[in-house]
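Thanks for making the time this morning. I would like to walk you through a structure that is new to most of this group, so please bring it up on your screens.

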Amino acid sequence: MASFSEKSMNVYILFTIIFGLGFLHATAELQKFTHTPKADGSLSFLVVGDWGRRGEYNQSDVALQMGDVGEKLDIDFVISTGDNFYDDGLTSEHDPNFEDSFTKIYTAKSLQKRWYSVLGNHDYRGDVEAQLSPFLRIIDKRWICLRSFIVDSELAEIFFVDTTPFVRDYFTVSEGHTYDWREVYPPKTYISAMLKDLDIALRQSTAKWKFVVGHHAIRSIGHHGDTPELKSHLLPILQANNVDFYVNGHDHCLEHISDKASPKQVARLVN
C-alpha cells in the first residue's frame, strides 16, 4: 500500500508480495484514467504482481491478507505489475482462468476496487488482445488492463509501461513459447513511439508524485538481474523527468534500489 498526503512529505509503501506465484482522456497517445483522492488529500493502493495461479502457490493466502490490509488502510485501487495469468496468459475472452485466478480469488470487500494492470512476459504467451479486451469488464468491472496508460489521482500520476517488447531475447530465444506480438511489430517502432509518448506525458505532468509501473526490473540483484534494454532506453527518461519511483514485478523478490544519479534518486520497489 502506498499512502500520500499533501500535508506530509512522508511516503509509506507496503507491497503485497506473491512468491512464485470516469475516465478516459488523451495525454500524448496514452489513455488517462482519473481517480479522485480521498477528502483529506491522501491516496492508498496495493501493488501485486506475478499472481494468476488459480489460487495455488499461496495466491489465495496472499489474497486473504490483501483483503485485510486493504480494509484497514481503506485502499483506493490495486495495481498489478503483470504476469497476471500463469502459465501462458489467457487463451480467449472466455478463458475460465480469468475468473478462476481473479474474480473468484480476490473476493474481499476492500478489493472490490479498480485493478489497473499491465502485461508481463507470461501474459504475452497467451492471447494478448483477449486480456486487453473491454469484454472482461463485463465479467468483472474491476479489470482495467492496457499496454501503456496513465492513472491521474491529482496528487500523484502513475504511468504504466509495456516492458515486455523491450526484451530482445523474447523475440530470438522463445524456449518453446509462442508470443503474441500483434500490434507490436516492428518492435523498434513500437518502443520508440511508446517512449516518446511517455516522455511527453511525464514532461506535461504537474503532479507532486510521479510513479512509473512496468513488469520488468531496470536494475535487480534477483534471479533475472538487470534488464539492459530498460537501462538504456527507459531509465534516462525517468531520470530526466524526476520520476519518484519505478515499480515492477518479474523477479519474485523484494528490493528497494535508490539511484543516486537521479535528481530525486529514482527508487524501484520490486515484487
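I will speak about the pockets and then about the nonpolar cores.

Please keep in mind throughout that what you see is a predicted model. Let me begin with the largest pocket, whose volume comes to about 400 Å³. Its lining is made up of 24 residues, and the ones that lie nearest the centre are Val167, Asp169, Tyr170, His224 and His250. Among the contributors to this lining are helix H5, covering 169-172, and helix H7, covering 228-233, each of which supplies at least two residues. Sorted by class, the lining holds ten polar residues, seven nonpolar ones and seven charged ones.

The second largest pocket has a volume of about 240 Å³, and the residues lining this pocket include Pro165, Phe166, Arg168, Glu229 and His233. Helix H7 supplies at least two residues here, as does helix H6, which spans 187-204, and H6 provides the largest share of the lining, namely five residues. In this second lining, six residues are nonpolar, three are charged and two are polar.

Turning now to the interior, the largest nonpolar core has 49 residues, and within this core Met66 and Tyr106 touch the most other members. Several elements each supply at least two residues to this core, including strand E5 (43-48), helix H1 (59-73) and helix H8 (235-240), while H6 gives the most, with seven residues. Apart from this core lies another one, of 21 residues, and Phe33, Leu43, Ile144 and Leu146 are among them.

Notes: Residues are numbered from 1 along each chain as its sequence is written. This is a predicted model: local features need pLDDT of at least 70, side-chain atom pairs count only at pLDDT 80 or more; totals for chains, interfaces and linings use all residues. Side-chain values use heavy atoms; hydrogens and water are left out. On a 1 Å grid over the protein atoms alone, a cavity is a set of points where a 1.4 Å probe fits but cannot get out, and a pocket is an open set with protein on both sides within 12 Å along at least five of seven lines; lining residues have an atom within 4 Å of a point. Grid points are joined across faces, edges and corners, and a volume is the space filled by probe spheres set on the points. Helices (H or I, at least four residues) and strands (E, at least two) are DSSP runs, numbered from the N terminus. Ala, Val, Leu, Ile, Met, Phe, Trp, Tyr, Cys and Pro count as nonpolar, Asp, Glu, Lys and Arg as charged, and the others, Gly among them, as polar. A nonpolar core is a set of buried Ala, Val, Leu, Ile, Met, Phe, Trp, Tyr and Cys residues joined through side-chain atoms within 4.5 Å. Buried means under 20% relative accessible area, exposed over 50%, partly exposed in between (1.4 Å probe, protein chains only).
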